[in-house]
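Open the model in your viewer and keep the sequence panel beside it. The stops below say what to select and what to look for at each one.

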Amino acid sequence: MSESVSVRCPACRREHLYEAPAYPCECGAPVAPALDPHGTATAITHRTWDDEWVGVRCTACGRENEWPRPELGCPCGTVLRVPVARSDMDSAREADTGSAQEADTGSVREADTGSAREAGKGSAPRKAPAARRVFQPVTIRTARDAVTAAAVYLRWLGYRDIRRADQRPPTGIGIAAHGLLAQVDPTVRPASLRDVECLWLTAMTESAACVYFSLAGYAPDARAQADSLGVPLFVLDLTGTPQPVNTLADELDATGAQ
């Protein structure tokens, strides 16, 4: 668990005591990023996907996954990015590639190659689903929480190396894993037929399966087309628990990643 650290707002100079929130690892243990007590908080003026996530290793099982980077809202209106201690994995990755940015690009390229290779192997006998722990959802309050909830669910299903998708979808946010492309729509508008078709077409170009998560549900024609195209549909309730909308989603929820 992360310890509390003192965070000073660079805009108004207020001091805050902050403790990073914990998220459930696939093994069930709570995971929180280690904060840097000697670092300096910075104001967030613009956002990029890479800056929103940080690699955190679970001390219980050793897995390293990406989780939302700690943030704090100051009463003066400034949103602060709280400094995180560098992990051993970060140091090793930087030493291997020369920079963290090069390491990120390399891991995405390797993941894409692995996904295409996996998809090109053809059909294999379906394995019996492994026993899974009870799913521990992440409460949804913001669009960022919706993406985190979907990522936590995919890890629980057994997908590995959750990361940002290479191509940005027309609506919502794209995330990917080995052999899977997912779209998370945190808007209050039901997902349309075009949204589902665009996801399916993008997944086809990457030789990957796909799944859609929506907060507001789906238009009737979108649900019908998803059944025809083989796209599992889920609705995210505010507790962060994905609810299957079609039979394909029921099957994915029951069997997990194959």
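**A salt-bridge network**

Select Asp185 and Arg189 in this predicted model: the two form a salt bridge, with their closest N and O atoms 4.0 Å apart. Asp185 is buried, because its relative accessible area is 1%. Arg189 is partly exposed, with a relative accessible area of 35%. Now add Asp195, whose side chain meets that of Arg189 in a salt bridge at 3.1 Å, N to O. Asp195 is buried too, at a relative accessible area of 3%. Shared partners thus join Asp185, Arg189 and Asp195 into one network of salt bridges. The search of the whole structure finds four salt bridges.

**The N-terminal hairpin**

Another of these pairs is Arg8 with Glu15, where the closest N and O atoms are 2.7 Å apart. Arg8 has 38% relative accessibility and so counts as partly exposed. Glu15, at 43% relative accessibility, also counts as partly exposed.

Extend the selection to strand 1, residues 5-8, and strand 2, residues 15-18. These strands run antiparallel and are joined by four bridges. They form a hairpin with six residues between them. In the turn, select Arg13, which has a positive phi of about 70 degrees.

Show the side chains of strand 1. Which of them are buried, and which are not? Val5 and Val7 point to one face and are buried; Ser6 and Arg8 point to the other face and are not. Such alternation between the two faces of the sheet is what a regular strand shows in general. From Val7, cross to strand 2, where the bridge partner is His16.

**A three-stranded sheet**

Next, select strands 5, 9 and 8, which form an open sheet in the order 5-9-8 with antiparallel pairing. Strand 5 (42-43) and strand 8 (71-73) are the edge strands, each pairing on one side only. Three bridges link strand 8 to strand 9, residues 79-81. To find the register, pick Glu71 and look across to Arg81 in strand 9, which stands opposite.

**Helix 3**

Move to helix 3, residues 143-157. Of its 15 residues, 13 are buried, so the helix is mostly covered. At 1.5 Å a residue, its 15 residues should span 21 Å, and the end C-alpha atoms are 21 Å apart, which agrees. Just after the helix, select Gly158, which takes a positive phi of about 115 degrees.

**The nonpolar cores**

Keep helix 3 on screen for the largest nonpolar core, which has 37 residues. Those with the most contacts inside this core are Leu154, Tyr159, Val184, Val211 and Phe213. Elements that each supply at least two residues include strand 6 (53-57), strand 11 (173-177), strand 12 (180-185), strand 13 (209-214), strand 14 (233-236) and helix 6 (247-255). Helix 3 gives the most to this core, with 10 residues.

What does Leu154 touch? Leaving out residues up to four places away in sequence, Leu154 touches Tyr159, Ile162, Ile175, Leu180, Ala182, Val211 and Phe213.

For the last stop, select Leu199, Tyr212, Ala226 and Leu233, which are among the 14 residues of another core, lying apart from the largest one. In soluble globular proteins, nonpolar side chains tend to be buried together.

Conventions: Residues are numbered from 1 along each chain as its sequence is written. This is a predicted model: local features need pLDDT of at least 70, side-chain atom pairs count only at pLDDT 80 or more; totals for chains, interfaces and linings use all residues. Side-chain values use heavy atoms; hydrogens and water are left out. Buried means under 20% relative accessible area, exposed over 50%, partly exposed in between (1.4 Å probe, protein chains only). Two strands pair if DSSP finds at least two bridges between them. A nonpolar core is a set of buried Ala, Val, Leu, Ile, Met, Phe, Trp, Tyr and Cys residues joined through side-chain atoms within 4.5 Å. Contact means heavy atoms within 4.5 Å. The expected span of a helix is 1.5 Å times one less than its number of residues.
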